[in-house]
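Student: I have a model open and want to read its side chains properly. Can we go through it in short steps?

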Amino acid sequence: MGKALYIAEKPSVAKEFANALKISGQRADGYIESDTAVVTWCVGHLVTMSYPEAYDPKYKRWSLQTLPFLPKEFKYQVIDGVAKQFKIVSGLLQRQDVDTIYICTDSGREGEYIYRLVDQMAGVKGKTRKRVWIDSQTEEEILRGINTAKDWSEYDNLAASAYLRAKEDYLMGINFSRLLTLKYGPTISSFMKTDWTVLSVGRVMTCVLGMVVRREREIREFVKTPFYRVVGNFESSGMNFDGEWRGVEGSYYYQSPFLYKENGFKTREKAQELIARLEQVQPMAGQLVKVEKKKELKNPPLLYNLAELQNDCSKMFKISPDETLRVVQELYEKKLVTYPRTDARVLSTAVSKEIQKNIGGLRNFEPVKAFAAEVLEQGSFRGLSKTRYVNDKQITDHYAIVPTGQGFGALRSLAPLAMKVYEVIARRFLSIFYPPAVYQKYALELAVGQEHFFTSFKVMTDAGYLKVADVSGVRRKAGDAAAEKDADRPDGADSETNLKDLENPEFIAMLATLKKGMELPVNSLTIKEGETSPPKRYSSGSMILAMENAGQLIEDDELRAQIKGSGIGTSATRAEILKKLVNIKYLALNGKTQIIMPTMLGELIFDVVNASIGQLLNPELTASWEKGLTYVAEGSITPDEYMEKLERFVAGRTYGVFKLNNQYQLRECFEQTEKNYK
């Protein structure tokens, strides 16, 4: 009987496999071997696609005559810096005494690609190959993954989509970067007075650049509109509250051209005119014509996927998405959390049945140990499989990021930031075992003559899951969520004054006494001036969410959960794409605020792409390519069908640019852009 060979993606992961398998044999250069098994590792990618000049030396020189570059057979080569490890791995794959290969690279499309390239370059034949698919690096999960490993052929569709993703990025990157550099590089260089300009173009990165530039231009072109609201101050039981006038049906100003929306005037004079009319009502009092009291429940949010975690860490800790990924990857490698590069925000049915193990372990983590103990004592984890937090249909490769309940020996070695990120994940996880937060909502409508005023209040009566969800030291302010919404609605229904009053128990008691038909004196009528706000710039976190949702920045947690389909890029690549755009100086990232803005060069690149291959800036189109890769992975379409569409797209856009002669018009665009940077 031959030996089993286990191939991991990194040395640290290989070590965990060796420990789980109790392989304490001789550690050689690049592998660990015992009497029955060998464990080795890649160091990320060992093999890559060859540059065009490997096909023919003529391709080394950039020339329009050699485009489009669409090879029939793609060439690959070992990466120079890791050639030694490739030689070791290749030698092990070919060993006569190795009969079974366990593929233990990361459980995802990219991990599949890493091994398949090595296998292809090594020319492996006549071996049994099994795919190990795990969700965490705990010993229990590693052994489960090995025991349930499937024949690698079951992952052929996933591998096909991985190869196609690489070919797509390669063909678009090489053809469009060369094409636009040769066609428009001299125009940019002449304008910016530089020696040369290389345009870096990519399927995903160019689309992200487009999103940022468009947003910046929307902000620049935004014209603020002033508006004037009339606010009445009412009194009940010796306490005051504000109500906002609205021009509803029956009002003198109903559908008036002087209104800005229904609750603001375009001029101060008209607001003053309304006050003068109201002051004629004597005695000046508001009659409660509607008093609505209703209970509102706020459920715990879904669990973290990588994009959601990156967004929250950007807000809470002001760190970039790639820093969040680095931290959560470390937590994964130290067995503290499950696989981080996931798009799912739910658990699988199988995991939900064993969830008490994850919860029980958290009794060893000081910030949440009391909550973990409470969940176990009350048994609130039972029946989890019947909740919205478990859904096998919403999981493709991996379930959500949750604590494993293990690995606590590594806590002492964690940096403070990693400890905070772990706490965020643990609190989000435990919160799903708690009841909803309960609020009492009051909506009041008061009539002063024929005019109506409105206000509403929200009182928390039971914190529910919020008592565990808040992270110590990074608790969000009450107004943060509201501040993130567009500020062009002068609706003031939950004004700052009203929110402040809700901290007063006497005020809350007064609200409970209000009844329809009551008359409340009007203490004052004032005009509050406001103005519409431009769209907000993307932060690094909100950009990750926008990429996940194909260009839509969907803040609402429930709505985001309903969005089906692939976004721009993948959970594994989005942070790296953003980082690259900053490194090549197309985007600027403020380290303190995590706000993203385009550079002048980035805007010029946008103008060039917009005038030549504008589809690359379209989030929906970019997302559709990603969706196509998903179809290949699912077996819905064949790799040949996808490749044919890709080659048509590259060739068609290349020939289209050949025919353009718009460099002069682009200079006019550049001059317009330049004015914004002076």
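Student: Is Lys72 buried or exposed?

Tutor: This is a predicted model. The cut-off for exposed is over 50% relative accessible area. Lys72 has 69% relative accessibility, so Lys72 counts as exposed.

Student: Which side chain meets Lys72 in a salt bridge?

Tutor: The contact runs from N to O at 4.0 Å. It links distant parts of the chain, 575 residues apart. Lys72 sits in the loop between strand S5 (47-49) and strand S6 (76-78), and its partner is in helix H23 (residues 639-658). That partner is Glu647.

Student: How many residues apart in sequence are the parts that Arg203 and Asp169 tie together?

Tutor: The side chains of Arg203 and Asp169 meet in a salt bridge of 2.8 Å, N to O. Arg203 lies in the loop between H5 and H6, and Asp169 lies in helix H5, so the parts tied together are apart in sequence by 34 residues.

Student: Is Arg203 buried or exposed?

Tutor: Buried means under 20% relative accessible area. Asp169, its partner, is partly exposed at 28%. Arg203 has 5% relative accessibility, so Arg203 counts as buried.

Student: What is the N to O distance in the salt bridge of Glu374 and Lys467?

Tutor: Glu374 is in helix H12 (residues 369-378) and Lys467 in helix H14 (residues 466-469), so the pair ties together parts 93 residues apart in sequence. Glu374 is partly exposed at 24% relative accessibility. Lys467 is partly exposed too, at 43%. Their side chains meet at 3.6 Å.

Student: Where is Val198?

Tutor: Val198 joins Trp62 and Trp196 in a nonpolar surface patch of about 360 Å². Patch residues need over 30% relative accessible area. Val198 has 48%, so it is partly exposed. Its place is the loop between helix H5 (156-192) and helix H6 (205-221).

Student: How many charged residues are in the lining of the second largest cavity?

Tutor: The search of the whole structure finds two cavities of 30 Å³ or more. About 40 Å³ of space lies in the second largest. Its lining includes Val13, Phe17, Asp106 and Tyr332. By class, that lining has five nonpolar residues, three polar and, for charged, one.

Student: How many salt bridges does the model have?

Tutor: The rule takes a side-chain nitrogen of Lys or Arg within 4 Å of a carboxyl oxygen of Asp or Glu. The pair of Arg203 and Asp169 fits, at 2.8 Å. By this rule the count is 47.

Conventions:
Residues numbered from 1 in each chain as written. Predicted model: local features only at pLDDT ≥ 70, side-chain atom pairs only at ≥ 80, totals over all residues. Heavy atoms only, no water. 1 Å grid on protein atoms, 1.4 Å probe; cavity = no way out; pocket = protein on both sides within 12 Å on 5 of 7 lines; lining within 4 Å. Points joined across faces, edges and corners; volume = space filled by probe spheres on them. Nonpolar A, V, L, I, M, F, W, Y, C, P; charged D, E, K, R; others polar. Patch = residues over 30% accessible without salt bridge, like charges linked within 9 Å, V, L, I, M, F, W, Y side chains within 5 Å. Areas by Shrake-Rupley, 256 points an atom, 1.4 Å probe, with all protein chains shown as cover. Helix = DSSP H or I, 4+ residues; strand = E, 2+ residues; numbered from the N terminus. Buried < 20%, exposed > 50% of the residue type's maximum accessible area, 1.4 Å probe, protein only.
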